[in-house]
There are 2 protein chains.
Amino acid sequence: MQLEQTDSTAFVQATLKVLGGKWKLLILWHLKDTAKRYGELKRLIPEISEKMLIQQLRELETDGIIYRETLSEMPPKVQYGFTDYGRTLIPILKPLCDWGQEHLKRMKVNGQNNTNSKS
Amino acid sequence: MQLEQTDSTAFVQATLKVLGGKWKLLILWHLKDTAKRYGELKRLIPEISEKMLIQQLRELETDGIIYRETLSEMPPKVQYGFTDYGRTLIPILKPLCDWGQEHLKRMKVNGQNNTNSKS
DNA sequence: CTGAATCCTTGATGATACTG
DNA sequence: CAGTATCATCAAGGATTCAG
């Protein structure tokens, strides 16, 4: 798809590929403090389907953001957590989610209205 | 779809709705320093179709992130720029895009390999 | 418990032509 | 110049079922 795309869009594509998934921010949010097992994540995010959970975890793993550790074979226990590289995202994750919270409040207050306060 | 979703996923949904579009980060990136006209944006992002450009601009406008100012009627001149509220995003935008740049470098170096350096 | 495989629906995206 | 409108596409997401 993106071959030698070193233009101005490349880094945006890259960022979006890592964080753009519908559930990735949420997954990372849950993992940012403590590593968690598959079942825990599933319980923490009830709305997500198993397929999507696995899929997004895999992608995050492929991107080097999180690791996957098999704790024992029988019964299966798998733990997911941030890699060192993934942790470089946390300083970004925090303000991003904070902003989301504030934005949510604002939407609730204004309803669908937007006070177009220009510069 | 999301009715009274005040659970933990709400703020993620909100964030993704604002920034999740394929081109929004890029558009905001171009607008973050100086307001720009429609044609300038189109020229700066040649890959985007007119429909998507308008659409994403409209959504950002609806979300109160950017404003739209009609400068004259004939010939049409329309300028887009950050609102005061939108500017609250800039401190987030910067590190996010910086991270994207770094991530891009990393991908180029490692190819498709990921050095799974765990905690 | 953790995960793989399949099928299906939908929203997001794109290409193109047209308009004030 | 700055859009609109329409049609086509396509990948993401979701439901379900099966497996180690």
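**Two chains on two DNA strands**

By class, the surface near DNA strand C has nine charged, eight nonpolar and three polar residues. This is a predicted model. In total, 20 residues surround DNA strand C. The closest come from both protein chains: Gly39(A), Arg58(A) and Arg68(A), joined by Lys22(B) and Lys51(B). Of the strand C atoms within 4 Å of the protein, 58% belong to sugar or phosphate. The rest belong to bases.

Now look at single contacts on strand C. Gly39(A) uses its backbone: an N or O atom there lies 2.8 Å from a phosphate oxygen. Tyr80(A) uses its side chain, with a polar atom 2.8 Å from a phosphate oxygen. Glu50(A) points to a base instead. A polar atom of the Glu50(A) side chain lies 3.1 Å from a base oxygen of strand C. Which elements give two or more residues to this surface? From chain A they are α3 (38–44), α4 (50–62) and β3 (77–82); from chain B, α4 (50–62).

Turn to DNA strand D. Here 19 residues lie around the strand. Lys22(A), Lys51(A), Gly39(B), Arg68(B) and Tyr80(B) come nearest. Eight of the residues near strand D are charged, eight nonpolar and three polar. Sugar or phosphate accounts for 61% of the strand D atoms within 4 Å of the protein, and bases for the rest.

On this strand, α3 (38–44), α4 and β3 (77–82) of chain B each supply at least two residues, as does α4 of chain A. α4(B) gives the most, with four residues. The side chain of Glu50(B) has an N or O atom 2.9 Å from a base oxygen of strand D. Two backbone contacts reach other parts of the strand. At Pro76(B), a backbone N or O atom lies 3.2 Å from a sugar or linking oxygen. At Val78(B), the partner is a phosphate oxygen, 3.4 Å away.

Next, the protein chains themselves. Helix α6 (residues 90–110) of chain A meets helix α1 (residues 10–19) of chain B. Their axes come within 8 Å and cross at roughly 95°. The two helices are therefore roughly perpendicular to each other. α6(A) brings Leu96(A), Cys97(A), Trp99(A), Gly100(A), Gln101(A), His103(A) and Leu104(A) to the contact. α1(B) answers with Ala10(B), Phe11(B), Ala14(B), Thr15(B), Val18(B) and Leu19(B). Nine of these residues are nonpolar, four are polar and none is charged.

One annotation remains. An unreviewed UniProt entry places the feature "domain: HTH hxlR-type" at residues 9–108 of chain A. That span is 61% helix and 15% strand, and its end C-alpha atoms lie 33 Å apart.

How values were computed: Residues are numbered from 1 along each chain as its sequence is written. Chains are lettered from A and ligands numbered from 1 in the order in which they are written. This is a predicted model: local features need pLDDT of at least 70, side-chain atom pairs count only at pLDDT 80 or more; totals for chains, interfaces and linings use all residues. Side-chain values use heavy atoms; hydrogens and water are left out. Axes are lines fitted to C-alpha atoms, for helices over the stretch in contact, and angles run from 0 to 180 degrees between N-to-C directions. Angles under 35 degrees count as roughly parallel, over 145 as roughly antiparallel, 65 to 115 as roughly perpendicular and the rest as oblique. Contact means heavy atoms within 4.5 Å. Ala, Val, Leu, Ile, Met, Phe, Trp, Tyr, Cys and Pro count as nonpolar, Asp, Glu, Lys and Arg as charged, and the others, Gly among them, as polar. A residue is near a molecule or strand if one of its heavy atoms lies within 4 Å of it. A polar contact is a pair of N or O atoms within 3.5 Å; within protein, one must be able to donate a hydrogen and the other to accept it, and residues adjacent in sequence count only if both atoms are side-chain atoms. UniProt positions are given in the numbering used here, feature names are shortened, and annotations may be inferred rather than shown by experiment.
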